[in-house]
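This briefing covers one protein chain in outline, a helix in each of two chains, and the contact between those chains. The points are grouped by topic.

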Amino acid sequence: MADPMRIRATMQGDKVLVRVLMSHEMETGQRKDSAGNIVPAHFIQSVTAVHSGKTVLTAEWGPAVSKNPFLQFQFAGGKSGETVQIIWTDNKGDKRTDEAKISS
Amino acid sequence: MKISALLAFLVGAVASNTVLAQAGADSVRQIEKYRDALMDGNPADLWEARGEELWKRVRGPRAVSLEHCDLGKGPGVVKGAYAELPRYFADVDKVMDLETRLVYCMTVLQGLPRGEVLRRTFGDGSNRSDFESLAAFITAESKGVKMAVGMNHPKEKEAFKLGEKIFFHRGGPHDFSCATCHSESGKRIRLQDLPNLTDEKDAQRAYTTWPAYRVSQGELRSMQWRLYDCFRQQRFPELTFASDTSVALTMFLARNANGGVFNAPAIKR
Amino acid sequence: MKIMSISNKSLDVLLAVGLLTSCVAFVSDSEYRAQAMKLMGADFKARGQAGLDRLNQDEANAACSRTPADGPLSKSASAAIEKANFARLKYPADGKLLGDWREGERIAQSGVGKQFNDDPSRPAGANCYACHQLAPKELSFGTIGPSLLGFGKLRGTSRAIQEYTFGKLYNPQAYTACSNMPRFGHNGILTEAQIKDLVALLLDPESPVNK
């Protein structure tokens, strides 16, 4: 099981600024280990952000994204005290869901 | 835009007399820009979160958390503790750095077997090291605090003097010492700037930015790791984790950085 | 130590007590050095090709391990190191000093070799670019050593220059005591053939260093 995400969501004027750090290997499938064997691909494929039942962001990722990725985005319609939920799914079917309260 | 960029290039080329030097300076500038871009969203946060959880977790046969561990400012006090390490600890009559103290607390306070505690001192891919996580959490609690490593106790002074000797000790097939790369200002290896660790300002800048998340490795690396890997490149044998040699050398480096504002975990290439 | 020469036993004890208390305040430089050596011997582990014997110092390394308080090495001590190292220079038996500059460029680029995680069966590199500028197309060069751009163009390829260049690569301390540069031949980092290739990289008119 992957480590929890670090999510910070803060009000920036009338928008919510969300900053997410995800703990993930993000193996491209192109690298070889010291024995010369290909390290199997293992990367996050989809990211979804949900706010009060509504999807506010979806992203499709691939092996070009760095290890331990950082994602920052804004959305409208959120208020301080409400919750933002982030969900990622990787190519091995692993999934992780974490959430954070929006601060002012 | 294009014209001004070209002009800047030409002015630079004339000023430095060769296009080559300009290209070199430009690479350095591009690296600086890359570093700035990395500052936001430092993955070291992931290690900090894990370290905080480890610090507070009840573990070992004695079923206590590390919140009873005294890092020098009283049991459980983390705030500002790292800025005063290494230091003399009366309970063991020794000078200890952060990791040495953590090994002590895990084995003596929590009662964990030494072998288990030292099983993974540095992270490797998806296997994280408890020490690197704890170092991330504990050092972050000294962010903004001025380095203030003491030399009042004779053993602190001794550790500093021994650390200095180790820093200047030349050996191995390449005749390298720490000083070979770190005792002159303004030098680099390839394009990597080298801090002069005998210079106050450089020593402060270097010491206060470790631990750091290394983008090239995808790992958070501590001062203990920095020393370990420097000795590898120095062609020395393998440095033992949390050994007296590592503490003495850390004492020398930390003391030279006194007065610098601590600013880690940082992020480096 | 001087106590031992005093015959009065009670005075010995008094002096010893006095010394013990002051001992904490003053430990001699050589004692720190010996103690540091002892610590390192206990705190490093042999791994792969890197044994604990690597911590030992020859005369040059012992003399060159100087703290700022020690100050620079005296002129006479420097000359002695240079003389001793010069006497141990070993030139190729076949008398040929110029190898292949293309191979030299590869050796100058490579930083592997002699680390505890390196495969000892593979040849070591010289890692020249880590510290020196050489071929102009390589922008990633270090500055610990001087720029060697145009090295041969400036000096020519006379026998004397070839011998100096080979000697400098083989053992820089034959010319400059306490040089930061590794003694590539003297310490067995590079083979004789590899050093010849580097001499060619520096001197051959066809080498990019001299273009």
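A salt bridge is counted here when a side-chain nitrogen of Lys or Arg lies within 4 Å of a carboxyl oxygen of Asp or Glu. The side chains of B:E238 and C:R47 meet that rule, with 3.0 Å from N to O. The model is a predicted one.

**Interface of chains B and C**

- The rule finds four salt bridges across the interface of chain C and chain B, and the pair B:E238 and C:R47 forms a salt bridge.
- Between chain C and chain B, 33 residue pairs are in polar contact, both residues being at pLDDT 80 or more.
- On the side of chain C that touches chain B, the elements giving two or more residues are α2 (29–43), β1 (44–45), α3 (59–64) and α5 of chain C.
- Of the elements on that side of chain C, α2(C) gives the most, with nine residues.
- In terms of contact, 58 residues of chain C meet 42 residues of chain B.
- The two chains bury about 4,600 Å² between them, and 56% of this area is on carbon and sulfur atoms.

**Chain B as a whole**

- Chain B contains eleven helices and eight strands.
- Chain B has 269 residues, of which 55% count as buried.
- Among contacts in chain B between residues at least 6 apart in sequence, 65% join residues at least 24 apart.
- The exposed area of chain B is about 11,200 Å², with carbon and sulfur atoms supplying 54% of it.

**Helix α10 of chain B**

- Helix α10 of chain B, residues 223–233, is mostly covered, with nine of its eleven residues buried.
- The buried residues of α10(B) include B:W225, B:L227, B:Y228 and B:F231, and among them are also B:R226, B:D229 and B:R232.
- B:R235 follows α10(B) and has a positive phi, near 70 degrees.

**Helix α8 of chain C**

- Helix α8 of chain C (residues 192–203) has twelve residues and should span 16 Å at 1.5 Å a residue; its end C-alpha atoms are 16 Å apart, so the expected span and the model agree.
- α8(C) is mostly covered, as ten of its twelve residues are buried.
- The buried residues of α8(C) include C:I195, C:L198, C:V199 and C:L202, and C:K196 and C:D197 are also among them.
- These buried residues of α8(C) pack against three helices of chain C: α5 (101–109), α6 (151–155) and α7 (159–170).
- Helix α5 of chain C thus appears in two settings: buried residues of α8(C) pack against α5, and α5 gives two or more residues to the side of chain C that touches chain B.

Technical notes
Residues are numbered from 1 along each chain as its sequence is written. Chains are lettered from A and ligands numbered from 1 in the order in which they are written. Side-chain values use heavy atoms; hydrogens and water are left out. Helices (H or I, at least four residues) and strands (E, at least two) are DSSP runs, numbered from the N terminus. Buried means under 20% relative accessible area, exposed over 50%, partly exposed in between (1.4 Å probe, protein chains only). Contact means heavy atoms within 4.5 Å. Accessible areas come from the Shrake-Rupley method with a 1.4 Å probe; for residues, only the protein chains shown count as cover. The expected span of a helix is 1.5 Å times one less than its number of residues. Buried area is the accessible area (1.4 Å probe) that two parts lose on being put together, summed over both. A polar contact is a pair of N or O atoms within 3.5 Å; within protein, one must be able to donate a hydrogen and the other to accept it, and residues adjacent in sequence count only if both atoms are side-chain atoms.
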